[in-house]
Structure formats: structure tokens, C-alpha cells
Amino acid sequence: MSRIGNNPVAIPEGVTVEVKGNEVVVKGKLGELTQEFSAVEIKIEDSQVWVTRPSDSKDNKAKHGLYRALVKNMIEGVSKGWTKELELVGVGYRASNQGQKLDVALGFSHNIVLELAPECKVETISEKGKNPIIKLTSFDKQLVGQIAAKIRGWRKPEPYKGKGVKFVGEQLRRKAGKSA
């Protein structure tokens, strides 16, 4: 029994949800998202979205909670938006942006330049005496997570000094170095 799938998703004001065949379309003030679905039924009743499954097969049970969570994330994205913050820990690590181009210096021979999708907004915060922060904002949770994971993958935090690209608030497992 899916506990997540059985809960309805509330539709806030200013958000419209439509079911067209096997596709859900969610529109809000920040943008529009679509998601295809299978093995479940999606109904809209009095400003709530209900996801039901036709049978208790393993595939249907798995997709029941999945599509409910995806619809919830879409509704929250077009109404509030999603934000991820990355912190660059290390001497000489810098980040800057010009519009949708992110320029990151992570100790390689050349800077890394990433051209971002127009749906994702980027902001870099560089204060003296503090680590640079890259702030990604979008209405698409999957897109923000994918871009943040790509940036983090360039220089993952290492366990001895903690240098690298980490999420703000992420707890790193630290190791003791060699003892003399």
C-alpha cells in the first residue's frame, strides 16, 4: 500500500492542472511543466489531484507514489520555485556569471564555462573572507538538481580538508590524516 500515493495534492490559487490523455500539464505564475504517466489514473476533484492505481501489481504500486510525488513537485515548482545553493570550498576557487553563462575556476588549467538553460536562473555570491556561492533557481526541480549535480561533479568534496564543491548545509564525513 503506497502511503504517499494515497494522499491528495492540493492545488494552490493561480495554478491550473490539466490531464490530457496520458499527460499532466501544470501551469503557474513561474512557468509550465508537462509529465507523461502510465499505469495510474490521475483525477482532479475540487482543487485536489488524486492519483489512483488500477491494480496492486508491483509495477503499479511503484508508479503510484512516483507520479503523485512528481505532480506535487510540479505544482510546488510553478507556484514557489526550487532553489539549490552550492558552496566552493578551496583556495582560488571562484565563480562568476554573465547572464546565463556560469564561469567557474576550480583549480584546473582553464576555467569551466557552462551555458545554462533559459528556464534556470543563476546567481553568484562572492563576499570577502567567505566561500563563493552559486545559487540556481528554476520552476523545474529535475533541471535544478541535474545542473547542481553536474557542477558538484567537477570537484566533489574530499574527506581530508573538505575542499571541493558542496551543497550549502551538506555535512561531510571527514577523515583523520596520517599521524606522525
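Among contacts between residues at least 6 apart in sequence, 51% join residues at least 24 apart in the protein chain. Keep in mind that this is a predicted model. Its secondary structure adds up to three helices and 13 strands, and 34% of the 180 residues are buried. Below is a quick tour: overall dimensions, then the cores, then helices α3 and α2, and finally a few loop residues.

**Overall dimensions**

- The radius of gyration of the protein chain is 21 Å, whereas a compact globule of 180 residues would come in near 16 Å.
- Along the principal axes, the C-alpha atoms fill a box of roughly 65 × 40 × 25 Å.
- For a feel of the distances involved, take Asn-60 and Arg-155: they sit 95 residues apart in sequence, and their C-alpha atoms are 39 Å apart in space.

**The nonpolar cores**

- The largest nonpolar core has 20 residues, and the members that touch the most others are Leu-88, Ile-134, Leu-136, Ile-147 and Ile-151.
- Five elements each put in at least two residues: the strands β7 (82-89), β9 (101-105), β10 (112-115) and β12 (133-138), plus the helix α3 (141-154).
- Of these, α3 is the top contributor, giving five residues to this core.
- There is also another core, apart from this one, with 18 residues; Ile-11, Val-24, Leu-33 and Phe-37 are among them.
- Back in the largest core, which residues does Ile-151 contact, leaving aside neighbours within four places in sequence? The list is Leu-86, Leu-102, Leu-114, Ile-134, Leu-136 and Val-165.

**Helix α3**

- The length of α3 checks out: at 1.5 Å a residue its 14 residues should span 20 Å, and the end C-alpha atoms are 21 Å apart, which agrees.
- Its buried residues are Leu-143, Val-144, Ile-147, Ala-148, Ile-151 and Arg-152.
- Looking down the axis of α3, those buried residues fall within an arc of 160°, so they line one face of the helix.
- What do the buried residues of α3 pack against? Their partners are β7, β9, β10, β12 and β13 (164-167).
- At the start of the helix, a side-chain oxygen of Asp-140 comes to within 3.3 Å of the backbone nitrogen of Gln-142.
- Arg-152, also in α3, has a relative accessibility of 18%, and it counts as buried because the cut-off is under 20%.
- Not counting residues up to four places away in sequence, Arg-152 touches Leu-86, Pro-157, Val-165, Lys-166, Phe-167 and Glu-170.

**Helix α2**

- With 22 residues, α2 reaches 33 Å from its first C-alpha to its last, close to the 32 Å expected at 1.5 Å a residue.
- Plenty of residue types turn up among the buried residues of α2, including Asn-60, His-64, Tyr-67, Arg-68, Val-71, Met-74 and Ile-75.
- The buried list for α2 also includes Gly-65, Gly-77, Val-78 and Ser-79.
- Just after this helix, Gly-81 takes a positive phi of about 95°.

**Asn-60 up close**

- Asn-60 belongs to α2 (residues 58-79).
- Is Asn-60 buried or exposed? At 8% relative accessibility, Asn-60 counts as buried.
- Setting aside residues up to four places away in sequence, Asn-60 touches Ala-39, Arg-53, Pro-54 and Ser-55.
- With Ser-55 there is a polar contact too, side chain to side chain, at 2.8 Å.

**Positive phi in the loops**

- Ala-39, one of the residues that Asn-60 touches, has a phi near 70°, a positive value in a residue other than glycine.
- You'll find Ala-39 in the loop between β4 (32-36) and β5 (41-45), where its relative accessible area of 26% makes it partly exposed.
- Asp-46 isn't a glycine either, yet it has a positive phi of about 30°.
- Asp-46 is located in the loop between β5 and β6 (48-52).
- How does Asp-46 count, buried or exposed? Its relative accessibility is 66%, so Asp-46 counts as exposed.

Notes: Residues are numbered from 1 along each chain as its sequence is written. This is a predicted model: local features need pLDDT of at least 70, side-chain atom pairs count only at pLDDT 80 or more; totals for chains, interfaces and linings use all residues. Side-chain values use heavy atoms; hydrogens and water are left out. A nonpolar core is a set of buried Ala, Val, Leu, Ile, Met, Phe, Trp, Tyr and Cys residues joined through side-chain atoms within 4.5 Å. Buried means under 20% relative accessible area, exposed over 50%, partly exposed in between (1.4 Å probe, protein chains only). Helices (H or I, at least four residues) and strands (E, at least two) are DSSP runs, numbered from the N terminus. Contact means heavy atoms within 4.5 Å. The expected span of a helix is 1.5 Å times one less than its number of residues. The arc is that of the directions from the helix axis to the C-beta atoms. A polar contact is a pair of N or O atoms within 3.5 Å; within protein, one must be able to donate a hydrogen and the other to accept it, and residues adjacent in sequence count only if both atoms are side-chain atoms. The radius of gyration is taken over C-alpha atoms; the globule rule is 2.2 Å times the number of residues to the power 0.38.
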